[in-house]
Amino acid sequence: MSGTRERRLNMAPAPSSTSSDITLNINGEKRTLPVDHRTTLLDALRERLDLTGTKKGCDQGQCGACTVLLDGRRTVSCLQLAVAAEGREITTVEGLAEGDRLHPVQQAFLDLDGYQCGYCTPGQICSAIAVIEEHAAGWPSAVTDDVRPEAGPPPLSAEEIRERMSGNLCRCGAYVSIVQAVAQAAEAKTEEAAA
Ligand code: FES
Ligand code: FES
């Protein structure tokens, strides 16, 4: 080996560590775990923390089964690195009910049979919670006719719900009931706010 090449090899930086201890704030509880930096939030939840309510469908951001709330916003956890979720507030389907009292969106899915096999349901419910918040905050969707801020939120019609929930697929085709459940939960929230 030439002296120059040997010097270059000696100067090469040591390989950086590929894992770290992280603390995730999940459903109001802090959980510390070592993770490989490539671990997705979905795998950390399911495989490391035994929070299997969040489902893996496609594992590539296309089905919505893995949807969780991150700082109140919906995100597909299969495309989110666990290390990047540190310090943020993560809510999974396990964290929605208050004791024996289901979250109103969970209750609406139950009341209106918004599922068949139930595999997509945790993602549908987390997404629906965010949809209702996004709509109440005046966010338009691709089917909103009047997107001027002064027009205010459009009515949360079936068309609006279908569009806003379009990232969540249901292989059982329970869409009709899912749309009804989201509409009922949104209505209940509006009534509660007005009371
Ligand atoms: S499993 Fe994440 S979007 Fe399908
Ligand atoms: S209820 Fe079976 S996939 Fe949606």
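This briefing walks through the fold, the two domains, the shared core and a few individual residues of the structure above. The model is a predicted one, so please read every value below as computed from that prediction. In outline, the protein has six helices and five strands, and its domain assignment gives domain 1 (19-95) and domain 2 (104-194). A nonpolar core of 42 residues lies between these domains, because both of them give residues to it.

**Overall fold and dimensions**

- Starting at the N terminus, the order of elements is α-β-β-α-β-β-β-α-α-α-α.
- The radius of gyration is 21 Å, whereas a compact globule of 195 residues would come out near 16 Å.
- Along the principal axes, the C-alpha atoms occupy a box of roughly 80 × 40 × 35 Å.
- Buried residues account for 33% of the 195 residues.
- If you take the contacts with a separation of 6 or more, 56% of them join residues 24 or more positions apart.

**How the two domains meet**

- Domain 1 covers residues 19-95 and domain 2 covers residues 104-194, and their centres, taken over C-alpha atoms, are separated by 22 Å.
- The contact between them draws 14 residues from domain 1 and 13 residues from domain 2.
- On the side of domain 1 that touches domain 2, strand 3 (67-70) and strand 4 (73-76) each supply at least two residues.
- Strand 3 provides the largest share of that side, with three residues.
- By residue class, the side of domain 1 that touches domain 2 splits into six nonpolar, five polar and three charged residues.

**The largest nonpolar core**

- As a general backdrop, nonpolar side chains tend to be buried together in soluble globular proteins.
- Here the largest nonpolar core has 42 residues, and the members that touch the most others are Ala128, Ile129, Val182 and Ala185.
- At least two residues of this core come from each of strand 1 (19-26), helix 2, strand 3, helix 3 (104-111), helix 4 (121-136) and helix 6 (175-194).
- Helix 4 is the element that gives the most to this core, with seven residues.
- Since domain 1 and domain 2 both contribute residues, this core lies between them.
- Ile129 is also worth a look for its own partners: apart from neighbours within four places in sequence, Ile129 is in contact with Leu69 and Val105.

**Helix 2 and what follows it**

- Helix 2 spans residues 41-48, and Leu41, Leu42, Asp43, Ala44 and Leu45 are buried within this helix.
- The buried residues of helix 2 pack against strand 2 (29-36).
- Just after helix 2, Asp50 adopts a positive phi of about 60°.

**His135 in helix 4**

- Helix 4, already met as the element giving the most to the core, is also where His135 lies.
- His135 counts as buried because it has 22 C-beta neighbours inside 10 Å, and the cut-off for that label is 20 or more.
- Leaving out residues up to four places away in sequence, His135 touches Pro153, Leu156 and Ala186.
- His135 and Ile161 are 26 residues apart in sequence, and their C-alpha atoms are 9.5 Å apart in space.

Note on methods
Residues numbered from 1 in each chain as written. Chains lettered and ligands numbered in written order. Predicted model: local features only at pLDDT ≥ 70, side-chain atom pairs only at ≥ 80, totals over all residues. Buried ≥ 20, exposed ≤ 12 C-beta atoms within 10 Å, placed from the backbone. Helix = DSSP H or I, 4+ residues; strand = E, 2+ residues; numbered from the N terminus. Contact = placed C-beta atoms within 7 Å. Domains from an automatic or database assignment. Nonpolar A, V, L, I, M, F, W, Y, C, P; charged D, E, K, R; others polar. Core = buried A, V, L, I, M, F, W, Y, C linked by C-beta atoms within 7 Å. Rg over C-alpha atoms; globule rule 2.2 N^0.38 Å.
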